Structure formats: structure tokens, C-alpha cells
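Let us walk through this structure one region at a time. Pockets come first, then surface and core, then charged pairs.

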Amino acid sequence: FYIWGKFLVDALRSAGCRRVEYLPFGFYPPYYAVHGATSPPDAETWRCDICFVGTWDADRERALLPLAGRSLAIHGPGWRANCSRESPLRPHVRSDGLYGGDMARAYAGAAIVFNHLRDHNGSAHNHRTMEIAGIGGGVQVVRRTPEQAGELFTEGADLCCFENTDELRRTVERVLAMPPDERRRMAQRARDVVHARHLLKQRVGQILADLARG
């Protein structure tokens, strides 16, 4: 049994799984370079301070509320239907979803790409962690966990983290105050890490090696 979070390994063993292996999510570059690329590569179309791509839910809406005062672009199903007319987030909804090449363009046009890590992700990461870093657009800002901040990536070098709303606001201000070249270097470092260590083909290679060992 392969699982993406170390914190779940012991629980799976206790549930009766005889062999449990930690396997982080992986990144598949061709999908973001080709599939879904329906919009022209116009930087102005995608330019914003903060980009978020994901389906609406109440937790995500609460997570994004502290960012409503910035140049924020929200892309995802359900936002127009579920945000009330009075919500400060409603004017920031730009589309009903982005995928593949269009998502990569949106990330490239943003200074910050916000990753909402759900409670059930615990001390681990999610698939967006690898997508945002692997695309190498804006700087990833995400809730601090041991895996993201010190094992898979290095906080402050590859991505920026926070633990509460006040720290989120401070982190956003700090990243937006960086010279654009510094933000690009951070995003490029994250991309280099993913392409060196966290590609989907490397995850498949690990599975095949485990099977070969028996």
C-alpha cells in the first residue's frame, strides 16, 4: 500500500496492511505543456498578485478571505454559484476552472500561487504542492508542514509557508515586496527540485523497483 503522507503509515499498518510505503505525489510535465492549452500566451491576461486554482468549498472560501484586498484571481468550478453577492471574493472569480496549459499560464502570470492545504493533509502535502512547484510560475505560499517546509522542499528557498492568518498576510506582503527577479529565482529553484526528484516517472520507478525486490 502506497501513501502520500508519512503520518498515515502507522495507521495503515495498524489497520492490517502488511506492507506500507511512503510515496509522495509526482509531477507530469507534458500535461501542463500541451493538454488544455486553449488560451494565447498573453501575460497581461493572467497577470495578478495572487492566483488560486481549485473548486469552491467553504474551507477554501474562508482560507482566501484574508487575500481579498489584493489583486487576486480565482479559477474553479462552483465559485460563482456559491459565493454570495456580498462576498469580497466574488469580484475576483475569473473562470470556472483551468487545466493543463491554461493553468500553467495562470501560474506564470501570478507573483504568488496560493495552495490551500486541507486539514486532512495533516503534516504532509497535496498534489498542488508538486504542480505549483513543477510549473515554476509564481512563488508558492502554503500552510507550513514538516514535509513541505523541510523534507520535500526548503522553506524560504523554494516556497513560503504560514501557520495562521496573521502570518499569511505578512508572508504575502513580504513576497510581493520582493524584486520580481528574486521571485522568479525562488520559483525556478522549486521547479528544479521537482524535475530532479519529484517527477511521476520517478514515482513509477520506485514502485517497479519495490516490485523487483519482492
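Helices are DSSP runs of H or I with at least four residues, strands are E runs of at least two, and both are numbered from the N terminus. A pocket is an open set of grid points with protein on both sides within 12 Å along at least five of seven lines, and its lining residues have an atom within 4 Å of a point. The model shown is predicted.

Start with the second largest pocket. Its volume is about 280 Å³. The lining holds 16 residues, and those nearest the centre are Ala108, Gly109, Ala110, Ala111 and Arg184. Two elements, β6 and α10 (180-197), each give two or more residues to this lining. Helix α10 supplies the largest share, with 5 residues. By class, the lining of the second largest pocket splits into 8 nonpolar, 5 polar and 3 charged residues.

Arg184 deserves a second look. This residue is among those nearest the centre of the second largest pocket, and Arg184 also forms a salt bridge with Asp181. The closest N and O atoms of the pair are 2.2 Å apart. Why are the two separated by about one helical turn? Because Arg184 and Asp181 are 3 residues apart in helix α10. An α-helix has 3.6 residues a turn, so residues three or four places apart point the same way. The two partners fall into separate accessibility classes. Arg184 has a relative accessible area of 51%, so it counts as exposed, the cut-off being over 50%. Asp181, at 43%, is partly exposed.

Now move to the largest pocket. About 360 Å³ of space lies within it. Its lining numbers 17 residues, with Ala63, His116, Leu117, Asp119 and Arg143 closest to the centre. Three elements each contribute two or more lining residues: α4 (58-64), β6 (110-115) and α9 (165-177). Helix α4 gives the largest share, 3 residues. The class count for this lining is 6 nonpolar, 5 polar and 6 charged residues. Strand β6 thus appears in the lists for the largest pocket and the second largest pocket.

Helix α9 can be followed further. Thr165 is found in this helix. Thr165 and Ala63 are 102 residues apart along the chain, and their C-alpha atoms are separated by 8.4 Å. Is Thr165 buried or exposed, or does it fall in between? Thr165 is partly exposed, because its relative accessible area is 38% and that class runs between 20% and 50%.

The same helix also carries Glu173. The side chain of Glu173 meets that of Arg70 in a salt bridge, 2.8 Å from N to O. This pair links distant parts of the chain, since Arg70 sits in the loop between α4 and β4 (72-75), 103 residues from Glu173. Both partners are partly exposed: Glu173 at 42% relative accessibility, Arg70 at 28%.

Next, look at cover. Helix α6 (residues 100-108) is mostly covered, with 7 of its 9 residues buried. The buried residues are Gly100, Gly101, Asp102, Met103, Ala104, Ala106 and Tyr107. Tyr99 lies in the loop between β5 (93-95) and α6. At 48% relative accessibility, Tyr99 counts as partly exposed. The C-alpha atoms of Tyr99 and Gln202 are 23 Å apart, with their positions 103 residues apart along the chain.

Turn to the surface. Tyr28, Leu200, Val204, Leu208 and Leu211 make a nonpolar patch of about 500 Å². Tyr28 has its place in the loop between β2 (21-22) and α2 (29-33). Its relative accessibility is 47%, so Tyr28 is partly exposed.

Finish with the charged pairs. How many salt bridges does the model count? The total is 16. One of them joins Glu21 and Arg19, whose closest N and O atoms are 3.1 Å apart. Glu21 is partly exposed at 24% relative accessibility, and Arg19 is partly exposed at 39%. Salt bridges also link Arg144, Glu155, Glu163 and Glu167 in a network.

How values were computed
Residues are numbered from 1 along each chain as its sequence is written. This is a predicted model: local features need pLDDT of at least 70, side-chain atom pairs count only at pLDDT 80 or more; totals for chains, interfaces and linings use all residues. Side-chain values use heavy atoms; hydrogens and water are left out. On a 1 Å grid over the protein atoms alone, a cavity is a set of points where a 1.4 Å probe fits but cannot get out, and a pocket is an open set with protein on both sides within 12 Å along at least five of seven lines; lining residues have an atom within 4 Å of a point. Grid points are joined across faces, edges and corners, and a volume is the space filled by probe spheres set on the points. Ala, Val, Leu, Ile, Met, Phe, Trp, Tyr, Cys and Pro count as nonpolar, Asp, Glu, Lys and Arg as charged, and the others, Gly among them, as polar. Buried means under 20% relative accessible area, exposed over 50%, partly exposed in between (1.4 Å probe, protein chains only). Patches are made of residues with over 30% relative accessible area and no salt bridge: like charges are joined within 9 Å, nonpolar side chains (Val, Leu, Ile, Met, Phe, Trp, Tyr) within 5 Å. Accessible areas come from the Shrake-Rupley method with a 1.4 Å probe; for residues, only the protein chains shown count as cover. A salt bridge is a side-chain nitrogen of Lys or Arg within 4 Å of a carboxyl oxygen of Asp or Glu.
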